[in-house]
Amino acid sequence: MSNLLDYLDWRGDLTFDQSPFNEVDSLILSELSYLNFKNIVPAPELSNGLSVCEAAKAYFANKSTKRKHIVTLDEQIEAMLEKMAQTPRFSNMNLNCYTEHVDMENAEQFAAITFETDKRHIYCAFRGTDDTLAGWQEDLELSCTAEVPSQKRAVQYLVTVAKQYPRYKIMLGGHSKGGNLAVYAAIFVPQRLQKRITDIWSNDGPGFHNYILDLPSYKRLESRIHTIIPRSSVVGMLLEHGEKYTVVDSDELGLLQHNALSWQVMGDHFITLPDINETAMNSSLAVREWLHNVSVKQRKDFIDALFSVLNASGAKTLTDLKTEKIRAIIPMAKAMMNVDKEVRNGLLNFVQLLLTHSTRMMIESLQQEVRKKSKFTHTSKKDE
């Protein structure tokens, strides 16, 4: 089974002239946006940027640039950056226009970076949800808000970068919430800028409310949107997608397939499957049914209640909660008792729904892996 790191080993020696930009390259750049390049890669409108090789040297030389808590596993992405810096394909690619913003009080989390893939194209990568509670709260608010702060920032970012690169065609992408931001930014920039956009990649990113999918600006872009999800996708199946999606194989189980470094690669493309598995589909339908039966106000009340309980622990990140789980329980329990009973019951029912389907997905994925290994073993013995 091969992943992004294997791809860099096997095809990193091929320049983009020899092998054109592809969906795997897009995911690599999207994943790189999770790293903290503050004070390394210039902010928009400041300079001409620096190469991947130069950025990697500065990143690893300055330990303070690293963040300890990232949901998508910093160490794997750092290993990817190290490999990229050594490959003809990526080492001289220019990085520019890095920006990030986190506001815990107002539940805002945003970051983006731009890559000059060649002399005619740039790729704007939007960071997905990191380990901050602010980021996860903003994610959940997608279900009940017309526009979350990071979406608004994504539009502003794209407009600014497009002005800085007036003669370049534009590609966009991101993983998780970053995929949603890439599509959203493309939909809401002026039409003259939309014409410069060639491709948009949403890698297991949430969808949108139906009214957005009905917009003429979405319809103009639909054929340029590439939605990619793993076989047990939950995040990528939230809300609605108008465009078709591609299902890829993963060497992880259940919800862990959201980690894009587990997605399987062959040559210059992902290993694809006919559709997501049955349990993931049922989970998506169950969540959508729950959302349909709950008013927008109730959704907002549930989200506010959930994060008032989590914030009562004093934690700023999910890792803080995991590390301090014993000490966090008492203040969280007290905060839960202060929540309105109807809201509390609705919140507990939703959490139970997610946990039940997550467990089923884990079991089903495990069964699939056993069947695959059993088939492989049987074939090997037959060949002997």
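Student: What space lies in the second largest pocket, and how do I read that value?
Tutor: Rolling a probe the size of a water molecule over the atoms shows where empty space is left. Here a pocket is an open set of points, on a 1 Å grid over the protein atoms alone, where a 1.4 Å probe fits and with protein on both sides within 12 Å along at least five of seven lines. The points are joined across faces, edges and corners, and the volume is the space filled by probe spheres set on them. For the second largest pocket, that space is about 460 Å³. Keep in mind that this is a predicted model, in which local features need pLDDT of at least 70 and side-chain atom pairs pLDDT 80 or more, while totals for chains, interfaces and linings use all residues. Residues are numbered from 1 along each chain as its sequence is written, and side-chain values use heavy atoms, with hydrogens and water left out.

Student: Which residues lie nearest the centre of the second largest pocket?
Tutor: A lining residue has an atom within 4 Å of a point. The second largest pocket has 21 of them, and F16, E116, T117, D118 and K119 lie nearest its centre. Strand β6 (residues 197–203) gives the largest share of this lining, with three residues. Helices (H or I, at least four residues) and strands (E, at least two) are DSSP runs, numbered from the N terminus.

Student: How is that lining divided by class?
Tutor: Ala, Val, Leu, Ile, Met, Phe, Trp, Tyr, Cys and Pro count as nonpolar, Asp, Glu, Lys and Arg as charged, and the others, Gly among them, as polar. The lining of the second largest pocket has eight nonpolar, six polar and seven charged residues.

Student: What about closed spaces: how many cavities of 30 Å³ or more are there?
Tutor: A cavity is a set of points where the probe fits but cannot get out. The whole structure has two cavities of 30 Å³ or more. The largest cavity has a volume of about 50 Å³. Its lining is eleven residues, with L142, Q151, F208, H209 and I212 nearest the centre. By class, this lining has six nonpolar, five polar and no charged residues.

Student: Now burial. Which residues of helix α3 are buried?
Tutor: Buried means under 20% relative accessible area, exposed over 50%, and partly exposed in between (1.4 Å probe, protein chains only). In helix α3 (residues 52–61), V52, A55, A56 and Y59 are buried. They lie on the same side of α3, because they cover an arc of only 100 degrees around the axis. That arc is taken from the directions from the helix axis to the C-beta atoms. K57 and A61, on the other side of α3, are exposed.

Student: Why is helix α2 described as largely enclosed?
Tutor: Nine of the ten residues of α2 (residues 23–32) are buried, so the rest of the structure largely encloses this helix. Among them are V24, L27 and I28, along with D25 and E31. Across the 384 residues of the protein chain, 54% are buried.

Student: What lies 3.0 Å from a polar atom of the side chain of R231?
Tutor: A polar contact is a pair of N or O atoms within 3.5 Å; within protein, one must be able to donate a hydrogen and the other to accept it, and residues adjacent in sequence count only if both atoms are side-chain atoms. For R231, the partner at 3.0 Å is the backbone oxygen of S250. R231 sits in the loop between β7 (225–230) and β8 (245–248), and is buried at 4% relative accessible area. R231 and S250 are 19 residues apart in sequence, with their C-alpha atoms 7.4 Å apart in space.

Student: Where is N94, and what lies 2.5 Å from its side chain?
Tutor: N94 belongs to strand β2 (residues 94–103). A polar atom of the N94 side chain lies 2.5 Å from the backbone oxygen of N48. N94 is buried, with a relative accessible area of 15%. Contact means heavy atoms within 4.5 Å. Beyond four places in sequence, the contacts of N94 include G49, L50, T114 and E116.

Student: Which sign does phi have in N39 and C97?
Tutor: Most residues other than glycine have a negative phi. N39 has a positive phi of about 65 degrees, and the phi of C97 is positive too, near 60 degrees. N39 is in the loop between α2 and β1 (50–51) and is exposed at 75% relative accessible area. C97 is in strand β2 and is buried at 0%.
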